[in-house]
Amino acid sequence: MVTTRRESAGDASLNAGLEGARVLIVEGRYYEALADELLAGARAVLEAAGVEVEVITVPGALEVPIAAEIALEAAEITGNAVDAVIGLGVVIRGETYHFEIVAGESARGLMDLGMAHALPVGNGILTVDTEAQAWERARVSEGNKGGGAAEAALTLLRLRRRLEA
């Protein structure tokens, strides 16, 4: 019999190991309609898992890791711990080198955030050549990369909690 890794790990319930979790979504809204779709996918996964969700909106993908760091520092000061972060946004290749900077630096920023804080991070920042590619990846009914980023963050959060137990 073939089983998925999730089944073999004994994770029968979507919200197992996520009790009381608080997840921060930071979304870049440069492409409004695409941002809405990414957010819908992420929210659906997080709501199904029963976690608390906070959303912060910034202008674009480059601001996502910075806003997440600011929010983490504020959460530490106020005692409202954040258990995972999800970055959402879209970067579409243009005619200049700017695409490479925004795509690379936003991804690096999210990775640095996760490593510096030992924090589960889901990267849902799409880096594509065309708007059509972005829609294929963002649509909940197709690629659902917003949902995928949420699932990645929750998987890391479950791992962290299991290892800390």
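**Reading the model: rings, cores and salt bridges**

Reader: Let me start with a ring at the surface question: does Tyr 30 count as buried or exposed, and at what relative accessibility?
Author: The cut-offs decide this: buried means under 20% relative accessible area, exposed over 50%, and partly exposed in between, with a 1.4 Å probe and protein chains only. Tyr 30 falls in the exposed class, because its relative accessibility is 62%.

Reader: Good to know. What kind of model is this?
Author: Residues are numbered from 1 along each chain as its sequence is written, and side-chain values use heavy atoms, with hydrogens and water left out. Local features need pLDDT of at least 70, side-chain atom pairs count only at pLDDT 80 or more, and totals for chains, interfaces and linings use all residues, the model being predicted.

Reader: What is the geometry of the aromatic pair of Tyr 30 and Tyr 31?
Author: The structure holds one aromatic pair. Rings of Phe, Tyr and Trp (its six-membered ring) pair if their centres lie within 6.5 Å; planes under 30 degrees apart count as stacked, over 60 as edge-to-face and the rest as tilted. Tyr 31 is partly exposed at 25% relative accessibility. The rings of Tyr 30 and Tyr 31 sit 5.0 Å centre to centre with 80° between the planes, and that is edge-to-face.

Reader: Now the interior: which residues have the most contacts inside the largest nonpolar core?
Author: A nonpolar core is a set of buried Ala, Val, Leu, Ile, Met, Phe, Trp, Tyr and Cys residues joined through side-chain atoms within 4.5 Å. The largest one has 26 residues, and those with the most contacts inside it are Leu 46, Val 51, Ile 86, Leu 88 and Leu 154.

Reader: Which element gives the largest share of this core?
Author: Elements here are DSSP runs numbered from the N terminus, helices (H or I) having at least four residues and strands (E) at least two. At least two core residues each come from strands E1 (22-28), E3 (84-92) and E4 (121-128) and from helices H2 (32-49), H5 (131-138) and H6 (145-164). The largest share, seven residues, is that of H2.

Reader: And how many residues are in the other core, the one with Leu 110?
Author: Besides Leu 110, this core has Val 58, Ala 71 and Val 121 among its residues. Lying apart from the core described above, its size is 21 residues.

Reader: Where is the residue with the "active site" annotation?
Author: The unreviewed UniProt entry places "active site" on His 98. UniProt positions are given in the numbering used here, feature names are shortened, and annotations may be inferred rather than shown by experiment. In the model, His 98 is found in residues 98-117, helix H4.

Reader: With which side chain does Arg 29 make a polar contact?
Author: Arg 29 sits in the loop between E1 and H2 and is buried, with a relative accessible area of 13%. A polar contact is a pair of N or O atoms within 3.5 Å; within protein, one must be able to donate a hydrogen and the other to accept it, and residues adjacent in sequence count only if both atoms are side-chain atoms. At 3.0 Å, the partner of the Arg 29 side chain is that of Glu 27.

Reader: Which residues are linked with Arg 29 in a network of salt bridges?
Author: A salt bridge is a side-chain nitrogen of Lys or Arg within 4 Å of a carboxyl oxygen of Asp or Glu. The count by this rule comes to 13. The network joins Arg 29 with Glu 27, Glu 32 and Asp 36.

Reader: How many residues apart are Arg 22 and Glu 54?
Author: Their side chains meet in a salt bridge of 2.2 Å, N to O. Arg 22 is buried at 14% relative accessibility, whereas Glu 54 is partly exposed at 31%. The pair links distant parts of the chain, Arg 22 in strand E1 and Glu 54 in strand E2 (residues 52-58), with a separation of 32 residues.

Reader: How far apart in sequence are the parts tied together by Asp 83 and Arg 161?
Author: The closest N and O atoms of this salt bridge are 3.8 Å apart. Asp 83 is buried, with a relative accessible area of 19%, and Arg 161 is partly exposed at 25%. Because Asp 83 lies in the loop between helix H3 (64-78) and E3 and Arg 161 in helix H6, the parts they tie together are apart in sequence by 78 residues.
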